[in-house]
Each structure stands twice: as C-alpha cells, then as structure tokens.
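Biologist: Hi! Could you walk me through this one while I have it open on my screen?

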Amino acid sequence: MAKSQQELISSMTDAELVKNLYVTQLLICFIALGIGFFTFDSWNSFLQFFQLDWSSILLYGGGTALLVVGGDIFLMKCVPEHLYDDGGINERLFANRSVPHLALICLIVACSEEILFRGVIQVQFGLFWASIVFALVHIRYLKKWFLFISVVVLSFLIGLLFWWTENLYVTIFTHFLIDFLLGLQIRKSKGKSAQREELMQ
C-alpha cells in the first residue's frame with residue numbers, strides 16, 4: 001500500500017501535490033468536526049482549549065519547536081542520509097515555494113492536525129491513541145523505521161505539551177514552527193544544490 005502511494009505521488013506534478021495536501025487538510029478538518037460534534041458536550045467545552053496566552057505559546061511552544069528542530073538538524077548530520085529519505089516528498093512540497101506560501105502551508109497543516117489529533121482525539125481518547133493515529137496517518141513513513149520512530153516520538157512530545165498546557169495554540173505554534181523551520185532548511189539546501197550544479201556546468 002505504501003509503495004502504491006509512493007508511485008501515485010511520483011506521478012503527480014508539484015502543483016498537484018500541493019493541491020492534494022490542501023484537500024487532505026480540509027478532510028482532516030471535516031473529520032475533526034464530525035468526531036467533535038458527537039463527543040463534546042458543547043462548543044464551549046472545545047473552545048476552552050484555545051487560550052491566547054502569549055508567554056506560554058512563545059516559551060513552551062516556541063522553545064519545544066527550537067529543541068526539536070535543533071535535535072533534528074543534529075541527527076541529520078550524524079545518521080546516514082538514506083534514513084531521512086522520505087522519497088523527496090518534503091523537498092517537492094517546500095523547496096520551490098515562496099516563503100509566504102511555505103508559511104501558509106505549515107500554518108494550515110499545524111491547525112488542522114493539532115485540532116484533530118490533540119484537540120479531539122487526545123481529549124476524547126487519550127495521548128496514546130492520538131499519538132499512534134498521528135503516526136499512522138503519515139503512511140509514507142511506515143516502511144522507513146527511522147522516520148516512523150521520529151514521528152511517533154514527536155507526536156508523543158507534542159501530546160505531552162498539550163497535556164501539560166491544555167492549550168491548542170501552544171501545540172499549533174510548536175507544530176507550525178517545526179514544519180516552517182525545517183521547510184526553510186529544505187528550501188535553503190535545495191538552493192545551495194542548484195548553485196553547485198550551476199558552478200559545475
């Protein structure tokens with residue numbers, strides 16, 4: 001199944017890949033609304049998890065994101081490159097996007113996924129199930145043991161952050177900042193590769 005998905009993705013243009021990402025995130029939002037409608041007592045019981053506490057958002061959310069990104073960049077320098085290979089999907093999504101478009105993609109992904117996995121699934125079914133489902137949704141990593149373990153650990157970490165703060169703005173900011181900074185790193189690496197190729201011609 002993962003192989004057929006990889007083949008399908010490979011046959012898409014970059015524009016189709018981005019469009020597919022937007023459709024997937026919209027679907028995640030609908031799933032979150034559907035589950036939330038049947039499991040929350042009221043709209044207010046869900047909204048209580050949105051607290052505009054900038055000190056917590058920046059300190060806990062931003063601090064966690066910087067630790068994750070720093071650890072990720074460190075591991076990229078220490079482990080063989082093939083362990084981080086996701087088939088080039090992240091590079092295709094991020095490398096050729098403008099910075100504002102990159103930020104928009106990361107914001108949409110962070111909002112939709114955190115609302116579903118932390119705001120709905122974790123609240124209703126617990127940290128364990130939210131983290132496992134989050135990892136399984138990233139199906140392209142199932143045959144990549146290193147990436148899969150990384151996603152599971154990251155999901156548990158963000159889940160613990162939500163359990164501790166009970167604030168979705170904190171985890172949304174964490175998720176956004178991780179994706180955005182790593183997206184900028186991919187974009188920068190792609191630019192350097194292109195410059196090297198030009199110099200070698």
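Modeller: Happy to, and let me start with a term: helices here are DSSP runs of H or I with at least four residues, numbered from the N terminus. Also keep in mind that this is a predicted model.

Biologist: Good. How many helices and strands are there in the chain?

Modeller: The chain has 9 helices and 0 strands. Along the sequence the pattern reads α-α-α-α-α-α-α-α-α.

Biologist: And what share of the 201 residues counts as buried?

Modeller: 38% of the 201 residues count as buried.

Biologist: Let's talk charges. How many salt bridges does a search of the whole structure find?

Modeller: The search finds 1 salt bridge. Its partners are Arg118 and Glu114, whose closest N and O atoms are 2.8 Å apart.

Biologist: How are Arg118 and Glu114 placed in helix α6?

Modeller: They are 4 residues apart in helix α6, so about one helical turn separates Arg118 from Glu114. As a general point, side chains of opposite charge can pair when their charged atoms come close.

Biologist: Are Arg118 and Glu114 buried or exposed?

Modeller: Both Arg118 and Glu114 are buried.

Biologist: Which ring does Arg118 lie over?

Modeller: Arg118 lies over the face of Phe134, at 5.0 Å from the ring centre. So for Arg118 you can look at two contacts, with Glu114 as the salt-bridge partner and Phe134 as the ring.

Biologist: While we're in that helix, where does Ser112 lie?

Modeller: Ser112 lies in helix α6, which covers residues 99-125. Ser112 has a relative accessible area of 3%, so it is buried. Its C-alpha atom is 6.0 Å from that of Gln25, although the two residues are 87 apart along the chain.

Biologist: Changing topic: how many aromatic pairs does the structure hold?

Modeller: The structure holds 11 aromatic pairs. One of them is Phe46 with Phe50: the ring centres are 5.4 Å apart and the planes sit at 75°, so this pair is edge-to-face.

Biologist: Why does 75° make it edge-to-face?

Modeller: Because planes over 60 degrees apart count as edge-to-face, and Phe46 and Phe50 are at 75°.

Biologist: Is Phe46 buried or exposed?

Modeller: Phe46 is buried, with a relative accessible area of 10%. Its partner Phe50 is at 22% relative accessibility, so Phe50 counts as partly exposed.

Biologist: Which residues form the aromatic cluster?

Modeller: Phe40, Trp43, Phe46, Phe50 and Tyr169 form one aromatic cluster.

Biologist: What about the surface: which residues make the nonpolar patch?

Modeller: Leu26, Phe30, Leu33, Trp43 and Leu47 make a nonpolar surface patch of about 550 Å². The elements that give two or more residues to this patch are α2 (14-39) and α3 (43-47). Helix α2 gives the most, with 3 residues. Trp43 belongs to this patch and is also in the aromatic cluster.

Biologist: Where is Phe30, and how accessible is it?

Modeller: Phe30 is in helix α2. With a relative accessible area of 53%, Phe30 is exposed.

Biologist: Anything else in that helix?

Modeller: Ala15 also lies in helix α2. Ala15 is exposed, at 58% relative accessible area. The C-alpha atoms of Ala15 and Arg92 are 9.4 Å apart, with these positions 77 residues apart along the chain numbering.

Biologist: Which residues does the UniProt annotation "transmembrane region" cover?

Modeller: According to the unreviewed UniProt entry, that annotation covers residues 21-38, 58-79, 99-117, 123-139, 146-163 and 169-186. In the model, residues 99-117 are 100% helix and 0% strand, with end C-alpha atoms 26 Å apart. Residues 146-163 are likewise 100% helix and 0% strand, and their end C-alpha atoms lie 26 Å apart.

Biologist: Last one: what is the phi of Glu166?

Modeller: Glu166 has a positive phi of about 55°, although it is not a glycine. Glu166 sits in the loop between α8 (145-165) and α9 (168-200). At a relative accessible area of 47%, Glu166 is partly exposed.

Methods: Residues numbered from 1 in each chain as written. Predicted model: local features only at pLDDT ≥ 70, side-chain atom pairs only at ≥ 80, totals over all residues. Heavy atoms only, no water. Patch = residues over 30% accessible without salt bridge, like charges linked within 9 Å, V, L, I, M, F, W, Y side chains within 5 Å. Areas by Shrake-Rupley, 256 points an atom, 1.4 Å probe, with all protein chains shown as cover. Salt bridge = Lys/Arg side-chain N within 4 Å of Asp/Glu carboxyl O. Buried < 20%, exposed > 50% of the residue type's maximum accessible area, 1.4 Å probe, protein only. UniProt positions renumbered as here; feature names shortened; annotations may be inferred. Phe/Tyr/Trp six-rings, centres within 6.5 Å; stacked < 30°, edge-to-face > 60°. Lys NZ or Arg CZ within 6 Å of the ring centre and 35° of its normal.
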